[in-house]
Structures are given as structure tokens and as C-alpha cells.
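Trainee: May I go through this structure with you, please? I would like to begin with the place where the two chains meet.

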Number of protein chains: 2
Amino acid sequence: MDAAETALNVFDNYIKHIAIDCVIFGFHNNELKVLLVKIKNLDGCWMLPGGFIQRAEGVDEALDRMLKDRTGLTNIHLEQFGIFGDVNRVSRNFILNLIPSEHHDDSRLNWLAGRVISIGYYALVEYSKVKPKVYEFYDEAFEWFNINELPTLSLDHKDIIQKGLETLRMMLDYKLVGFDLLPETFTMQELQKLYETILGKELRRDSFQRKMLDMNILERLEKKYTGAANKAPYLYRFKDKS
Amino acid sequence: MDAAETALNVFDNYIKHIAIDCVIFGFHNNELKVLLVKIKNLDGCWMLPGGFIQRAEGVDEALDRMLKDRTGLTNIHLEQFGIFGDVNRVSRNFILNLIPSEHHDDSRLNWLAGRVISIGYYALVEYSKVKPKVYEFYDEAFEWFNINELPTLSLDHKDIIQKGLETLRMMLDYKLVGFDLLPETFTMQELQKLYETILGKELRRDSFQRKMLDMNILERLEKKYTGAANKAPYLYRFKDKS
């Protein structure tokens with residue numbers, strides 16, 4: 001049985017017509033990054049990591065499995081943010097490119113070329129901890145991209161990233177979402193830089209600091225030692241995380 | 001062809017394994033209401049209105065169709081808020097109860113008893129405008145229920161309502177969602193009552209008024225004539241709606 005045949009048989013273990021796409025955000029060198037994957041058979045095109053749900057697993061279990069397979073990370077919190085269900089979002093040609101031509105008439109493919117509705121999730125992960133794995137059935141390469149310098153993306157994945165980013169920005173306003181993007185302790189300036197990078201704009205230092213302190217989610221620790229004691233900034237950590 | 005046979009054939013026009021459930025909120029007599037439907041074959045159990053997506057329609061079109069069929073309303077804004085995908089959320093018995101016994105071995109039913117993942121949406125509608133229709137293939141009755149006095153619900157629909165309500169409450173904090181729940185013009189007191197009803201708790205009058213005015217979304221109109229001019233409250237309307 002060749003790889004394509006194996007893949008086709010494996011499809012039988014999955015629920016048809018529903019896919020999951022994950023927008024995995026990381027923060028590194030003051031850049032907001034997105035984890036993308038390139039599939040060998042789709043020349044030059046990058047996609048969001050994701051996949052199908054197995055018949056025997058709940059959606060939450062499927063998410064855990066995908067994140068572990070694709071990033072090596074466990075216990076990642078994912079937020080569901082949208083449904084992508086346009087009639088023509090997955091073309092038959094796209095599917096055929098994934099599968100060797102001798103399998104193009106295989107009846108096991110019909111549903112794929114028919115309709116696939118995708119559920120969008122985003123996750124915030126610690127950039128340095130991601131060790132992308134190679135997925136079993138495909139020849140795939142993973143890479144982080146700056147959110148402002150994305151490559152050409154397959155299907156509607158550019159729209160999915162955009163909607164994920166909009167949701168993340170909206171969430172910043174009422175709930176702290178930076179838990180996994182910063183180290184255990186950080187300065188107010190580092191926190192502000194994270195917010196500015198996600199929002200894509202500069203913020204006023206005074207009002208940012210006031211807003212963060214008003215949210216009552218930060219615990220102030222000792223000053224960060226920088227050699228100049230009177231100018232040393234305080235270190236903070238998230239109360240929920242301590 | 002009997003009704004069940006017709007229904008079974010109609011299933012072929014729908015995408016398998018994915019359903020939509022709508023939590024339709026209305027506001028009436030200072031009560032938050034939810035629109036539920038009772039299906040004849042499911043004795044005593046109520047469900048959320050929803051349904052399956054047709055192969056030839058996008059998810060957004062499916063939502064428009066369902067809302068129009070079930071409530072008679074058009075141009076309703078729906079917010080997607082969750083995915084309900086536990087392995088055992090739809091039991092085979094539940095499906096069999098819906099279909100006459102002579103059709104229980106029909107292969108067209110297998111996927112239904114297998115796995116159905118539901119996408120949760122909520123809508124806020126003007127209570128007085130809802131004219132629930134009877135759905136073509138089933139004997140169904142629609143009814144509004146007070147959110148605090150829900151009947152026994154099928155499947156995981158109680159959880160879906162709860163999650164929809166939590167999302168609605170969360171949204172109140174950063175975005176005005178009451179557009180369709182109030183008449184064109186209203187007093188600050190009426191707006192506060194709406195918020196209190198959705199949140200399930202009383203709010204302080206001064207801070208509520210300040211918060212609403214700070215949001216800069218209300219247009220103040222003339223005073224409401226009540227006979228006692230000096231105590232007449234101002235009327236407001238939403239800026240976006242004018």
C-alpha cells in the first residue's frame with residue numbers, strides 16, 4: 001500500500017466535511033508571529049496547521065492531538081473564533097493536487113472535493129517552546145512568519161488569520177490574553193510592547209499602565225536590577241499564573 | 001412516499017455531521033426569553049431551533065434560511081459563539097425516536113447516529129416581531145421561555161444556551177448588543193433594565209449611566225412627556241441605528 005493509499009484509508013477514521021484550522025500566535029523579538037506549514041504537493045503555498053476530527057474523539061481532544069502533533073505543545077488553551085463555510089472555499093483542484101493522479105477517481109475523495117467547513121481556533125504559545133514535528137502522512141515543513149510578512153496562503157487561510165487577529169485584538173480590551181506570550185516575569189514596558197505589537201499601533205504609556213493596573217491582574221514584584229537603582233523598572237507577573 | 005421517506009431523501013441535500021443550533025434571545029416585560037421548539041416525536045422535550053446546512057449553500061446562507069423559516073425574521077445578525085462536539089452528544093436512540101420504526105435500518109440514517117457536531121449561534125431579536133412558522137417536514141411547536149424557567153431540553157441544548165448567555169453577558173462589557181432588543185427610542189432606565197435582565201443582577205444607576213454615555217453610542221433626544229415635566233426622563237436612541 002503506497003502513502004496515498006494509506007492516507008485515503010486513514011480518512012475513513014475521520015468525520016467528513018469538517019476541518020479545524022489553528023492560528024497559532026507566538027511573540028518573538030517584538031514581532032507577532034504565526035505558525036504556518038508548507039505541504040510538499042502544494043507548490044509555494046503555505047497553510048494553517050489543522051486537520052480533521054477523528055470519529056472516536058471529541059472536538060477538544062482533536063485540538064489537543066493536532067497541537068501536540070504540530071507544535072509538540074500540550075495543555076494549550078485554544079479560543080474558537082469563527083466558522084469558514086463558503087460554498088467554494090475548497091476547490092476540487094486543490095484536493096487533487098494533494099493526491100497522486102492515479103487516485104483521483106477514488107470514491108473516498110468525493111466528500112473532500114464536495115464541501116469542507118472549517119472551524120477557526122487561535123492559540124497563544126511560547127515561541128521558544130515550539131518544536132514543530134513532521135506529520136506522519138505528508139511531507140511538511142513548519143515555519144514562523146511575521147504577521148505583517150505572510151507568504152501566499154492556500155484557500156481562505158489569509159481570511160482566517162485576519163479574523164483570528166481581529167478577535168485577539170478585541171479580546172485584549174476586556175481580558176488579559178498575554179499569559180503564554182511573555183516570560184514568567186516582565187516589566188510594564190515589555191507588556192506594553194506586546195500589546196502594541198498585537199494591536200499594530202503605539203499606545204500612551206500613562207494610560208496603558210493605568211488600564212493594566214486597574215484590571216487588577218498583575219502582581220508587582222521587586223525592581224529589576226539594571227545597575228541604576230533609581231531608574232530600575234518594577235517586574236510584574238500575572239496573578240492567575242503564580 | 002410517506003413523510004419519513006421524504007425527510008430521509010431530503011437529508012441527501014444536506015452536509016452530514018454538522019448542525020447549527022440558534023439561541024434566539026428576545027426581551028419582553030423585563031424578561032430575557034429564549035425561543036424553543038418542541039418536536040412531536042420527542043415527547044416533552046424542547047430543543048433549540050436549528051438544522052443542517054444544504055450542500056449548495058454557504059453557512060451564512062443556511063443561517064438566514066433557518067432564521068427566516070423558524071422566526072419569519074430576515075436580516076438578523078447572528079454571532080457564532082461555540083462548537084459542541086462531544087463524542088456522545090447525539091445518541092442513536094435520540095435519532096431513532098425522530099424516525100418511524102420501519103425506517104430504523106435505513107442506511108441513510110447511519111451518519112446521523114454516528115456523529116453530529118453543532119455550531120452555536122445567538123441572535124437578539126425583537127420579541128414582538130417573531131411569528132414562528134411550522135416547519136415543513138415535522139410537527140413542531142415554537143414557544144418563548146423565560147431564561148430562568150427553561151423546560152427540559154434535549155441533547156446538550158441546556159449547555160448551549162448557557163454558553164450563549166455567558167457570551168452575550170461578556171459582550172455587554174465592550175460592545176453594545178441591545179440594538180434589536182429595545183424599541184427605536186428608550187429611556188436610560190429602560191436600557192439599564194435590559195442590561196440588568198441579561199446580567200441577572202442589579203446595577204448602580206449612576207455608574208451605569210456614566211458608562212453608557214462614555215461609550216458614545218447613544219444619541220439624546222427630547223424628553224419623554226409624562227405629565228410631570230420636571231421629572232421627565234430623556235429619550236435616547238442608538239447612533240448606529242439612526
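Mentor: The area buried between chain B and chain A is about 1,900 Å², and carbon and sulfur atoms give 69% of that. Buried area is the accessible area (1.4 Å probe) that two parts lose on being put together, summed over both. This is a predicted model, in which local features need pLDDT of at least 70 and side-chain atom pairs count only at pLDDT 80 or more, while totals for chains, interfaces and linings use all residues. Residues are numbered from 1 along each chain as its sequence is written, chains are lettered from A and ligands numbered from 1 in the order in which they are written, and side-chain values use heavy atoms, with hydrogens and water left out.

Trainee: Which elements of chain B give two or more residues to the side that touches chain A?

Mentor: They are strand 1 (14-28), strand 4 (50-54), helix 2 (59-71), strand 5 (78-84) and strand 6 (117-124) of chain B. Helices (H or I, at least four residues) and strands (E, at least two) are DSSP runs, numbered from the N terminus.

Trainee: How many residues does the contact take from each chain?

Mentor: Chain B gives 24 residues and chain A gives 24 residues. Contact means heavy atoms within 4.5 Å.

Trainee: How many salt bridges and polar contacts are there between the chains?

Mentor: The rule finds zero salt bridges across the interface of chain B and chain A. A salt bridge is a side-chain nitrogen of Lys or Arg within 4 Å of a carboxyl oxygen of Asp or Glu. There are, however, nine residue pairs in polar contact between chain B and chain A, both residues being at pLDDT 80 or more. A polar contact is a pair of N or O atoms within 3.5 Å; within protein, one must be able to donate a hydrogen and the other to accept it, and residues adjacent in sequence count only if both atoms are side-chain atoms.

Trainee: How many salt bridges does the whole structure have?

Mentor: The search finds 12 over all chains. In one of them, the side chains of Asp21(A) and Arg89(A) meet, at 3.8 Å from N to O. This pair links distant parts of the chain, 68 residues apart: Asp21(A) is in strand 1 (residues 14-28) of chain A, and Arg89(A) is in the loop between strand 5 (78-84) and helix 3 (92-98) of chain A.

Trainee: Why do such side chains pair at all?

Mentor: Side chains of opposite charge can pair when their charged atoms come close.

Trainee: Is Asp21(A) buried or exposed? And Arg89(A), buried or exposed?

Mentor: Asp21(A) counts as buried because its relative accessibility is 6%, and Arg89(A) is buried with a relative accessible area of 8%. Buried means under 20% relative accessible area, exposed over 50%, and partly exposed in between (1.4 Å probe, protein chains only).

Trainee: What about salt bridges in chain B?

Mentor: Glu31(B) and Lys33(B) meet through their side chains in a salt bridge of 3.0 Å, N to O. Glu31(B) is partly exposed at 27%, whereas Lys33(B) is buried at 13%.

Trainee: Turning to the core, which residues touch the most other members of the largest one?

Mentor: They are Ile20(A) and Ile20(B), in a core of 76 residues. A nonpolar core is a set of buried Ala, Val, Leu, Ile, Met, Phe, Trp, Tyr and Cys residues joined through side-chain atoms within 4.5 Å. Leaving aside residues up to four places away in sequence, Ile20(B) touches several residues, including Ile53(B), Val59(B), Leu63(B) and Met66(B).

Trainee: Where is Leu191(B), and what does it touch?

Mentor: Leu191(B) lies in helix 6 (residues 188-199) of chain B and is buried, at 0% relative accessibility. Beyond residues up to four places away in sequence, its contacts include Phe186(B), Phe208(B) and Phe238(B).

Trainee: Finally, what is notable about the phi of Asn29(B)?

Mentor: Asn29(B) has a positive phi of about 50 degrees although it is not a glycine. Asn29(B) is in the loop between strand 1 and strand 2 (31-39) of chain B, and is exposed at 64%. In chain A, Leu155(A) also has a positive phi of about 50 degrees without being a glycine, and Leu155(A) is partly exposed at 31%.
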